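This report concerns one helix, its surroundings and the nonpolar core. The structure is shown below.

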Amino acid sequence: MAHSPPPGDENLLLHEADEDKSQWHHIENLDLFFRRVYNLHQKNGFACMLLGEIFELVRLPFVVAFTLFLLYCVDYDVLFTNKHVVNHTAGSSKVTLVDAVLPADVCGARIRNSRLVIFVLAISAAFWLHRLLKFACNVCRYWRIRSFYVGALRMPMSELTSVRWQEVQARIMEVQKEHQMCISKKELSELDIYHRILRFENYMVAMVNRSLLPVCFRPPLLGEIAFYTCGLRYNFELIFFWGPGSLFESEWSLKREYKRGGDRLELADKLASRILWISIANLVLCPVILVWQFLYAFFNYTGVIMRQPDSLGARSWSLYGRCNLRHFNELDHELASRLGKAYEASSKYLNCFQSPLMSVVAKNIAFFAGSLLAVLVILTIYDEDVLQVEYVLSAITLLGVCVSVCRSLIRHKHKVLCPEQLLRVVLAHIHYAPDHWQGNAHRHETRRQFCLLFQYKAVIILEELVSPVVTPFILIFSLRRKSLEIVDFFRNFTVEVVGLGDVCSFSEMDVRRHGHPAWMSGGTTEASFHQQVEGGKTELSLMHFATTNPRWQPPHESEQFISQFKERVQREADPHTVTLLSQSEPRSLISNLLAGSTTLASVHSGSDGSLANHAAVSIDERALSPLSPDSSSLLPRGSFNAHGPTRDTSGPLMADSGAHARMINSGGSAWEGQTISSVLSEYASSAEMSTHVLYMHDFHKQQSRGEQSHCTWHSQESGDGAPDEVRSDPNPQARHFPGSHTFHTSVPSPSDIPSLASASRSTTTGQEWVSLQSRSQRHYGGTTTDSLV
């Protein structure tokens with residue numbers, strides 16, 4: 001789709017287009033280049049990136065200077081009126097802020113007399129100079145990326161905020177044909193670009209999946225906890241990927257000694273020694289980093305807590321959860337979008353476990369604190385001089401915070417939540433869950449494990465604060481013991497791809513090499529138990545990547561797996577088996593899809609018309625939004641036939657669906673049509689992927705229970721019309737998340753069975769996959785081929 005430049009940019013585009021095209025020929029480090037192209041897109045253009053970098057550069061001296069001012073340049077006895085002030089300003093009878101500020105010479109002398117302050121200032125100045133040099137380099141580098149957007153991709157910065165990454169990626173692949181940025185390959189695929197952007201991230205996801213990184217612990221009396229912070233992740237990346245003496249000799253090449261099995265013990269000792277030295281460096285810098293963490297947290301969160309006292313009780317996806325739930329080859333914005341869709345349902349699920357005892361205590365504390373607060377507020381309204389009484393303002397503030405916190409702990413008497421149903425909705429978005437969660441969503445053990453992924457904001461902040469102290473000990477006592485396993489991992493699971501370099505073999509999403517028979521790979525995979533990925537990550541990552549990038553042409557084995565899987569979903573999720581749902585049951589994910597569906601077969605998305613391939617897709621804006629089972633409206637009865645959905649016209653969402661269809665067909669502006677088509681395409685892809693996830697998890701559940709491999713999703717009703725009894729595994733043994741093949745779950749809920757029949761209609765039809773030319777690879781586990789060209 002062509003974009004016209006904004007007024008005033010025509011000459012710039014012509015000038016950039018006339019530049020020598022050789023500047024984009026044979027880019028030496030494509031990994032860094034593509035990462036910067038992606039980062040500039042995510043930061044909404046050069047101006048936003050530059051402004052953010054400037055404020056980040058100013059933040060450090062501001063925090064240091066303001067902290068020194070508060071510690072050494074303020075006379076708190078004057079500020080608190082504990083001593084008489086000799087020189088008032090302008091004859092005022094009140095103490096002003098200026099009176100509490102010490103003279104500059106006195107303040108400077110107090111700072112110079114402290115050697116600790118001088119040491120901290122020296123380190124801060126060195127770090128700031130390093131950031132300044134990095135800022136100058138980044139400006140030059142990102143200016144070149146800006147030139148690439150404007151000159152090669154023909155995308156002005158003013159339009160970057162409205163352009164999806166898939167469009168940028170498509171233009172990059174076209175530019176490769178003209179400029180040959182990568183000289184080893186004539187054409188680039190979507191997977192090639194993802195590999196270069198996420199080369200190291202894929203290794204981290206694989207290492208967490210195989211429990212190589214020490215991020216889960218079982219301390220006494222605390223049970224299982226997950227500790228994975230930004231500082232710990234930084235040290236992992238420093239050790240493995242880019243620090244001095246790391247395992248990689250360049251952005252794209254693993255060191256040759258790590259590709260040979262004969263030196264594994266020596267390399268393990270070398271890696272253990274490197275981990276030890278980095279741990280010692282962390283211990284030496286721990287005081288400085290700890291002070292910075294506390295200061296940054298204080299200035300960053302204090303204002304938020306004052307405005308919203310209950311913000312610390314809100315939840316957020318932890319860094320461990322993000323890494324654990326991440327697919328292979330999933331970009332940051334794709335992961336954020338997927339987890340964002342699961343946020344509301346996840347919060348509602350955990351709210352099901354509010355303690356009745358805590359609710360009783362919180363209700364009474366809120367009553368007493370609210371009574372005192374009401375009296376103080378009334379007194380201040382009557383006479384504002386009450387605020388001048390000592391500690392009155394502090395008491396009002398603290399009582400207000402106490403009331404807000406207590407109210408968040410009180411159970412809502414009108415709210416009815418279904419843990420099983422909510423967890424089913426969460427699974428449809430996060431895509432990964434231990435098998436024993438299904439059917440046991442009401443158990444506190446399931447809640448506790450889910451909390452490792454979805455933590456309180458206060459817990460995340462606390463972990464970051466103590467990270468400088470804890471990280472060195474994790475590196476010394478946990479990571480060093482795994483040095484031999486880590487060396488073996490990089491040797492066994494690194495493949496060399498022509499024109500790409502060394503990548504994690506799991507990121508190839510090869511079901512033949514790393515598939516699992518219990519996750520739809522039966523008869524396709526040749527992987528041994530050691531080569532299988534836990535939680536179905538290979539299969540789910542492949543389906544997610546194919547859904548996100550519909551133009552991608554997978555290799556033959558992957559193409560065969562995708563085709564067979566989609567045919568199986570279409571065949572076994574028989575649309576004629578859709579039955580009437582019990583109105584007493586909560587609405588499930590795809591049941592809501594039925595309730596708010598509208599046929600979009602006539603809608604085309606953007607330039608490629610990918611949505612047109614989803615014939616008779618039934619979806620609504622609310623189709624995949626997290627649902628509360630206490631919805632006021634009942635699920636309208638409906639069925640599905642080959643021509644699309646047929647529904648009772650009295651359904652409460654019929655008007656919305658008709659209005660939505662009229663909005664699409666009203667022929668508004670081109671921009672509005674493109675936006676609507678893009679949104680609908682994303683919802684269609686999300687619905688399709690959610691259907692695949694639920695189907696694959698239920699298939700794996702039946703395989704794990706030893707049932708026949710043929711997954712049947714026909715609804716079954718008992719004689720009285722009631723759903724079959726939900727069965728759960730009598731002895732679930734839980735490892736840490738993600739779930740392994742040893743977990744067992746219940747049979748699918750009857751309310752979810754017909755939902756998959758409708759959602760399966762979103763499976764892509766009419767698009768034929770074209771086999772991708774096979775790649776020349778070398779697997780560092782025993783086979784040898786030619787080296788990288």
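## Basis and core

Contact here means heavy atoms within 4.5 Å. The model is predicted: local features need pLDDT of at least 70, side-chain atom pairs count only at pLDDT 80 or more, and totals for chains, interfaces and linings use all residues. Residues are numbered from 1 along each chain as its sequence is written, and side-chain values use heavy atoms, with hydrogens and water left out.

Phe240 touches Met207, Leu213, Ser246, Leu247, Phe248, Leu479, Ile486 and Phe490, residues up to four places away in sequence not being counted. The largest nonpolar core (buried Ala, Val, Leu, Ile, Met, Phe, Trp, Tyr and Cys residues joined through side-chain atoms within 4.5 Å) has 124 residues, of which Tyr149, Trp165, Met181, Phe240 and Phe490 touch the most other members.

## Helix α8

Helices are DSSP runs (H or I, at least four residues), numbered from the N terminus. Among the buried residues of α8 (under 20% relative accessible area, 1.4 Å probe, protein chains only) are Trp165, Arg171 and His179. Their cover includes α2 (30-42), α7 (115-152), α9, α14 (332-341) and α23 (537-548). Just after α8, Gln180 has a positive phi of about 55°.

## Packing of α8 on α9

The axes of α8 (residues 165-179) and α9 (residues 190-197), lines fitted to C-alpha atoms over the stretch in contact, with angles from 0 to 180 degrees between N-to-C directions, come within 10 Å and cross at roughly 105°. The two helices are therefore roughly perpendicular (65 to 115 degrees).

Trp165, Gln166, Gln169, Ile172 and Met173 in α8 meet Glu190, Ile193, Tyr194 and Ile197 in α9.

Conventions: Parallel < 35°, antiparallel > 145°, perpendicular 65-115°, else oblique. Buried < 20%, exposed > 50% of the residue type's maximum accessible area, 1.4 Å probe, protein only.
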